[in-house]
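Q: I would like to go through this structure with you, starting with a buried side chain. Could you put it up?

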Amino acid sequence: MSSELNHLLGLASAGKMSRREFVGRAGALGVSTAVAGTMLSTAAFADTPVKGGLLRAGMQGGESTNTLDPALAASDVPFMINSTWGETLVDVELNGTLGLRVAEEVSSNADATQWMFKIRKGVEYHNGATMTAEDVVATLKRHTDDKAQSGAQGIVKGITDMKAEGDMVTLTLAAGNADLPFLMADYHLIIQPGGGVDNPTSGIGSGAYKVVEHEPGVRTAFEKHTNHWDASRGHADQVEILTINDNPARTAAIQAGQIHLMNRIDPKIVDLLKGNTDIAIERAAGPGHYVFIMRCNAAPFDNNDLRMALKMSVNRQEMLEKILGGMGSRGNDFPINAAYPMFDDSISQREYDAATAADFYKKSGHDGSPILLQVAPGAFPGAVEAAQLFQASANAAGIPLQVKLEPDDGYWDNVWNIAPFCASYWGGRPVQDQMYSTAYLSTAEWNDTAFKDAHFDEVMIAARGELDQAKRKGMYSEMATILRDTGGLICPMFNDWVEGRRSEVGGWIPNPAGTLMNGKAMSMCWLNA
Amino acid sequence: MHPLIKLVAQRIALGLILLLAVSVVIFLGIEMLPGDTAQAILGQSATATSLANLRESLGLNQSPATRYFTWLGHALQGDLGKALTNQQDIAQAIGQRLGNTLFLAVCAGAIAVPLSIGLGLVAARFNGRWPDKLISGVTLAMISLPEFVAAYFMILLLTLVIPILQPVSMIFPGMGFFEKLHAVALPVIVLVMVVLAHMMRMTRAAILNVMQSAYIETAELKGLSPMQVIWRHALPNAVAPIISVVVINLAYLVVGVVVVEVVFSYNALGQYLVDHVAKRDLPVVQAVGIIFAAVYIGLNILADLIGIIANPRLRHPK
């Protein structure tokens, strides 16, 4: 059964959706009316949310230096905490569709330069105040301010005018952007009372749970926000998010039942957990990927033949199996996979080919001196081992690739975006345009491959304002091909989310957009007694 | 003035000068690390503009000397400032975590110290026979295991094979005393395993050393039982070396247990320090560093004093 259908079934059996609506929407997914009816009557017993209890998640990716300011969230634990107390205008649902949260209607003008968000009535903050359109505008404005140091500054920068009128928020853009609603789902853009200008770290929002205690890097405890507008969220009475950075400790905690959910199961131990009937391994194919980046403006990587030689000499299948334990998919040297809307799956998969690699290497006229690949253990999990595999397969093709080990400390300051060839990772973005404009536009600050192609830039800007989906998909396909064949990115693999759920946790719906149901696990799951 | 009081005053004054020196060393150490706070906070997401903004707002544009003396001036007035990374009040954050650190150290110490001294006495009593060999063998085996291996082994044994304890040991203000004890049971067991051997071996060696003396022979000839000889005549004269080793181990239990803290996700000072070193958060590193140094220096002064008090020749200098 598709996960979308499961989700609908959950809603319907919980009484959040009428029978008629369920049958209609299931029909859209290709399920006949009779079957849908039967499914509903069986599921009603199996999948009813249970109220009450204390739901606990143990997560990697938190430090005692974290804050509750959504503008500054960068790692998994703050992301999860903020998604539990706060809400964005919209969010990304399964299959990359747009879900409505604080906004109940989204519309645009014909050339996608003006977007209207109708703010839902009666959305109440934890402090009892009601959310207004002014709060939304104030929130977005705060993220444009340099002082806020917001991770979403790049997203809101393109908005030239923000206006609140009654319950409508109107955003005017400098150039058309058909993806704007998706950008508003960014996890930094949580709507705060007064925009969070006075007190960005108050942790007061409109989410299903309110923060009771917050000890950064240790634990955040929540209790249910009884006046939350969405009755389909917030089942447990209390939830807790514990920071357990150590892999074996986190795994032991879920085995012992001290936590119910965990993120980032080490792919190497997945097989060992399979025999445990108390724990379900949840996988979702997300947009995150591990990369080796060559700077196209630095010798010897300014030679496309050499870049191609290196791209051809990666054994992707071997890396996928050995580094990710098969929990992922092979990359194709552009940063997009099936997790994105409008992905072109007809672009052929690049394979390891030592002979072609050797030809390209010869053609490049490289002098045969060692080609250094700089890598640190923290570049991505298994980075050093992946680099060694790469070295072995490249050497087999006669390419003198050599791994140079760097310390984790200072890696992102001294190596990444500076060294001509190094390892890195990307978490992915909800839409293709955002991924490309973050790292592959000529002028992007994080253009870590120093890839500059005027035609590529033009197509990207044009695609942004293109409302015709078919045309747009064609443009993205062209960009992918340009990057694949001329770019500085070597993308051997996309990593799946691999997470653990104890069997007593109900309501789980895999969502590839982010960790633990895209941050919604605490609000949408429940504990079966 | 009583020479003992004079000595204490001297030691404390020396300790304070040492602390000042430690603060300079920590400061220089952080300055020498590659990258600064702004880069460490922004990490992969750093851009030239965001770096400049952050440096400005954190006051990193001032010279290192200015920053050090500003910090020192505030610290001397008892103001440890706010963490650069998340603006949390340092004194408050440290207060709670220091409490947790001491709680764990006291629990482990309360078991490890009497146990190791007791085992040391027994080992000395049965020197060279099977109880001695058993005690030495087991404790040396335990100290030879790296802490994290011992920790994972205990997790496996006591949470999965025999599920009586919990692998994650975080403690919080609202918890009752026994609840806290239950939570920290695993790290306490591991720490006891780690520190036991050192103190036990020292006790054994010190006692055996004293046992060679003529007065011990006299005591034996008086007809005292071996345990009485050790307890009444050997131990008091072996106290000084034993105490100094006990103190080193207690200091370790306070300042050196970050690996155990990480494995059990125990929210104490060690992990707090490491997180902030990674982000080059100087005020926090300074504050925690000073606390650790103070604990170390303080315990060493205490060891000296006990050594002196235990030794009549030092207690009544001519």
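A: A suitable place to begin is A:R472, which has a relative accessible area of 1% and is therefore buried; buried means under 20% relative accessible area, exposed over 50% and partly exposed in between, with a 1.4 Å probe and protein chains only. The model is predicted: local features need pLDDT of at least 70, side-chain atom pairs count only at pLDDT 80 or more, and totals for chains, interfaces and linings use all residues. Residues are numbered from 1 along each chain as its sequence is written, chains are lettered from A and ligands numbered from 1 in the order in which they are written, and side-chain values use heavy atoms, with hydrogens and water left out.

Q: Which residue forms a salt bridge with A:R472?

A: The partner is A:D179, with the closest N and O atoms 2.7 Å apart. A salt bridge here is a side-chain nitrogen of Lys or Arg within 4 Å of a carboxyl oxygen of Asp or Glu. A:D179 sits in the loop between β7 (168–173) and α7 (180–183) of chain A, and A:R472 in helix α17 (residues 469–486) of chain A, so the pair links distant parts of the chain, 293 residues apart. Helices (H or I, at least four residues) and strands (E, at least two) are DSSP runs, numbered from the N terminus.

Q: And A:D179, buried or exposed?

A: A:D179 counts as buried because its relative accessibility is 4%.

Q: How many salt bridges does the structure hold over all chains?

A: There are 32 over all chains. Among them, A:D266 and A:K268 meet at 3.9 Å, N to O; A:D266 is partly exposed at 21%, whereas A:K268 is exposed at 65%. A network of salt bridges also links A:E87, A:D91, A:R101, A:D230, A:R233 and A:K520.

Q: Changing topic: what does A:E240 touch?

A: A:E240 lies in strand β10 of chain A and, at 8% relative accessibility, counts as buried. Its side chain makes a polar contact of 2.8 Å with that of A:R56 and another of 3.2 Å with that of A:R219. A polar contact is a pair of N or O atoms within 3.5 Å; within protein, one must be able to donate a hydrogen and the other to accept it, and residues adjacent in sequence count only if both atoms are side-chain atoms. Not counting residues up to four places away in sequence, A:E240 touches residues including A:L54, A:A57, A:T220 and A:M522; contact means heavy atoms within 4.5 Å.

Q: Now the interface. How many residues of chain A are in contact with chain B?

A: On the chain A side there are 32 residues, in contact with 39 of chain B. The area buried between the two chains is about 3,100 Å², and carbon and sulfur atoms give 53% of it; buried area is the accessible area (1.4 Å probe) that two parts lose on being put together, summed over both. A:S64, A:T65 and A:Q258 supply 18% of the area that chain A buries against chain B, more than any other three residues.

Q: What about salt bridges across the interface of chain A and chain B?

A: The rule finds one across that interface. A:E215 pairs with B:R97, the closest N and O atoms being 3.9 Å apart. Six residue pairs, both members at pLDDT 80 or more, are in polar contact across the interface.
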